[in-house]
Amino acid sequence: MKDTPMVVTMKDYGKIYIKLNELLEEQELTRNALARAVNTRFEVVDKWCGGKMEKIDADILARICYVLDCNVGDILEYRK
């Protein structure tokens, strides 16, 4: 008996959009300044701003919210 290949289909669940650039512009804050304020590397903030993150670090997100005086919903948006 031959093995039949398994076909896996992925549903489109939507996407999480990161609106950090807009918040930085509103508060006239640079990526470098935010990185220093949240005590992380520039590359981490750059990934957040570019939407190139694979996983969301809740600790970094909390620090960003604290520094920018905003809520998670101000940074992250779910779109179908």
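This is a short tour of the predicted model above, stop by stop, with what to select and what you'll find there.

**Before you start**

Count residues from 1 along the chain as its sequence is written, and keep in mind that this is a predicted model, where local features need pLDDT of at least 70, side-chain atom pairs count only at pLDDT 80 or more, and totals for chains, interfaces and linings use all residues. Side-chain values use heavy atoms, with hydrogens and water left out.

**Stop 1: the whole chain**

Show the cartoon and walk along it from the N terminus: the elements run β-α-α-α-α-α-β. That's five helices and two strands. Helices here are DSSP runs of H or I with at least four residues, strands are runs of E with at least two, and both are numbered from the N terminus.

Now color by burial. Of the 80 residues in the chain, 25% are buried; buried means under 20% relative accessible area, exposed means over 50%, and partly exposed is in between, using a 1.4 Å probe and protein chains only. If you turn on the surface, the chain exposes about 6,600 Å², and carbon and sulfur atoms supply 50% of that. Those areas come from the Shrake-Rupley method with a 1.4 Å probe; for residues, only the protein chains shown count as cover.

One more thing before zooming in: among contacts with a separation of 6 or more, 61% are between residues 24 or more positions apart. A contact is heavy atoms within 4.5 Å.

**Stop 2: helix 4**

Select residues 58-68, which make up helix 4, and show side chains for its buried residues: Ile 60, Leu 61, Ile 64, Cys 65 and Leu 68. Look down the helix axis and you'll see these buried residues fall within an arc of 135°, so they line one face of the helix. (The arc is that of the directions from the helix axis to the C-beta atoms.) As background, an α-helix has 3.6 residues a turn, so residues three or four places apart point the same way.

Flip to the face turned away from the buried side, and you'll find the exposed residues Ala 58 and Tyr 66.

What do the buried residues of helix 4 pack against? Add helix 1 (20-26), helix 2 (31-37), helix 3 (42-50), helix 5 (72-75) and strand 2 (76-79) to your selection, and you have the partners.

Now click on Leu 61. At 9% relative accessibility, Leu 61 counts as buried. Setting aside neighbours within four places in sequence, Leu 61 touches Trp 48, Ile 56, Val 72, Ile 75 and Leu 76. Draw a distance from the C-alpha of Leu 61 to that of Val 72, eleven residues apart along the chain, and you should read 7.4 Å.

**Stop 3: the cysteines**

How many disulfides does a search of the whole structure find? Zero, where a disulfide is a pair of cysteine sulfur atoms within 2.5 Å. Select Cys 65 to see this up close: the nearest cysteine sulfur, that of Cys 70, is 4.3 Å away. Cys 65 is buried, with a relative accessible area of 10%. Cys 49 is also buried, at 7%.

**Stop 4: salt bridges**

Next, show the charged side chains. A salt bridge is a side-chain nitrogen of Lys or Arg within 4 Å of a carboxyl oxygen of Asp or Glu, and the count comes to five.

Pick Lys 19 and Glu 77, whose closest N and O atoms are 3.6 Å apart. Lys 19 lies in the loop between strand 1 and helix 1 and Glu 77 in strand 2, so the pair ties together parts that are 58 residues apart in sequence. Add Arg 79, which also bridges to Glu 77, at 3.0 Å. Through shared partners, Lys 19, Glu 77 and Arg 79 form one network.

Elsewhere, Arg 41 pairs with Glu 43, again by a salt bridge, with closest N and O atoms 3.6 Å apart. Arg 41 is exposed at 53% relative accessibility, while Glu 43 is partly exposed at 46%.

**Stop 5: two loop residues with positive phi**

Select Asn 39, in the loop between helix 2 and helix 3. Its phi is near 60°, a positive value in a residue other than glycine, and Asn 39 is exposed at 66%. Then go to Asp 69, in the loop between helix 4 and helix 5: phi is about 50°, positive although Asp 69 is not a glycine. Asp 69 is exposed too, at 72%.
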